[in-house]
Amino acid sequence: MGDHTTAIVLAAGQGKRMQTRVHKQFLTIHGYPLLYYCLKAFQESFVDDIVLVTGAEDVSYCKREIAERYGFHKVRKVIAGGRERYHSVYEGLKSCEEADYVLIHDGARPMVTEEIMERTLGAARRFPGAAAAMPVKDTIRLADAQGFGAATPDRSSLWMMQTPQTFSRPVILDAYKRFIEQEENGHTVAVTDDAMVLEYISGGKVKLVEGSYENIKITTPSDLKIAEIFLKNTIDTTRQ
């Protein structure tokens, strides 16, 4: 029997930069909510099941109007997240006891593919963790406190982090547990993704594997317009 893999999909954000009262994961693209697309990708992939983490007020809606309505039978649990992203991830990790490996994914990244999932899982089997990422295309300039250019890092070493980020569940669960315990004891560190938690807690190195330049996170209204273009082929296939 192979390893049990669980996708933890995070959809608890409020999307304040989207300039709308509707949470961004429920905005519609081509007649479907944004969240539909990444859940569909995981539903049709090799993963065994999905844990959907959303806001406490949206749990019932997601069960009824997302998982049940679209027949996403791999969504075994819909649970409430926490105050920050890392709290939501921790809740997801605690809820998937059967998982050997977890693929942690932002629900606002609708263009994820099974090929990206496979690459991260393959690397996670060989390294402490793996994360989808892509080399930056533009020159990055560091600014000083006054807003003047201060330094230009070597572009060849800069990557844009994406999700899924994939780990052995016992390894990443232990890292998150220790991280949360430190926070409860008054030691706080700013982290923005799962790789940072593992690196901070254990020093484990996370392998960066090829994601896709289309695997963008929908954050602003302009991102939504880009997603409409990228997802057109997906929706055309769905309706055939």
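Let me begin with one residue, D194, which, once its neighbours within four places in sequence are set aside, is in contact with R85, V89, I104, Q165, F167, I172 and Y176, where contact means heavy atoms within 4.5 Å. Before going further I should say that this is a predicted model, in which local features need pLDDT of at least 70 and side-chain atom pairs count only at pLDDT 80 or more, while totals for chains, interfaces and linings use all residues. Residues are numbered from 1 along each chain as its sequence is written, and side-chain values use heavy atoms, with hydrogens and water left out.

Now, is D194 buried or exposed? D194 is buried, because its relative accessible area is 0%; the word buried means under 20% relative accessible area, exposed means over 50%, and partly exposed is in between, with a 1.4 Å probe and protein chains only. D194 sits in helix α6, which covers residues 194–202; helices here are DSSP runs of H or I with at least four residues, strands are runs of E with at least two, and both are numbered from the N terminus.

Helix α6 has a partner, helix α5 (residues 169–184), and the two pack at an angle of about 75 degrees with their axes 9 Å apart. The axes are lines fitted to C-alpha atoms, for helices over the stretch in contact, and the angles run from 0 to 180 degrees between N-to-C directions. The two helices, α5 and α6, are therefore roughly perpendicular to each other, a label given to angles of 65 to 115 degrees, whereas under 35 counts as roughly parallel, over 145 as roughly antiparallel, and the rest as oblique. On the α5 side the contact is made by V171, I172, A175, Y176, R178, F179 and Q182, and these meet D194, V197, L198, Y200 and I201 in α6. Sorted by class, this contact has 9 nonpolar, 1 polar and 2 charged residues, if Ala, Val, Leu, Ile, Met, Phe, Trp, Tyr, Cys and Pro count as nonpolar, Asp, Glu, Lys and Arg as charged, and the others, Gly among them, as polar.

Let me turn to the sheet. Strands of a sheet pair through backbone hydrogen bonds, either parallel or antiparallel, and here two strands are said to pair if DSSP finds at least two bridges between them. In this model 7 strands form an open sheet with mixed pairing, in the order β5-β4-β1-β6-β10-β7-β11. At the edges are β5 (75–80) and β11 (206–210), each of which pairs on one side only, and the twist averages 25 degrees from one strand to the next. Strands β7 (residues 129–135) and β10 (residues 159–168) run antiparallel and are joined by 5 bridges, and one bridge partner to look for is M161 in β10, which goes with A133. Packed on the sheet is helix α4 (residues 114–124), which touches β1, β6, β7, β10 and β11, and whose direction makes about 60 degrees with that of β10.

Strand β10 also holds P164, and the peptide bond from T163 to P164 is cis, with omega near 15 degrees. A second backbone feature is at H30, which has a positive phi of about 55 degrees although it is not a glycine, and which is placed in the loop between β2 and β3. Most residues other than glycine have a negative phi, and most peptide bonds are trans.

My last topic is charge. How many salt bridges does a search of the whole structure find? The search finds 12, a salt bridge being a side-chain nitrogen of Lys or Arg within 4 Å of a carboxyl oxygen of Asp or Glu. One of them joins the side chains of D3 and R125, at 2.6 Å from N to O; D3 lies in the segment before β1 and R125 in the loop between α4 and β7, so this pair ties together parts that are 122 residues apart in sequence. Another is formed by D49 and R76, whose closest N and O atoms are 3.9 Å apart, and it links strand β4 to strand β5, 27 residues apart. Within that pair D49 is buried, at 8% relative accessible area, whereas R76 is exposed, at 53%.

In helix α3 (residues 85–95), E91 and K94 are separated by about one helical turn, because they are 3 residues apart, and their salt bridge has its closest N and O atoms 3.2 Å apart. Finally, salt bridges that share partners join R85, D106, R109 and D194 into one network, which brings us back to the residue at the start.
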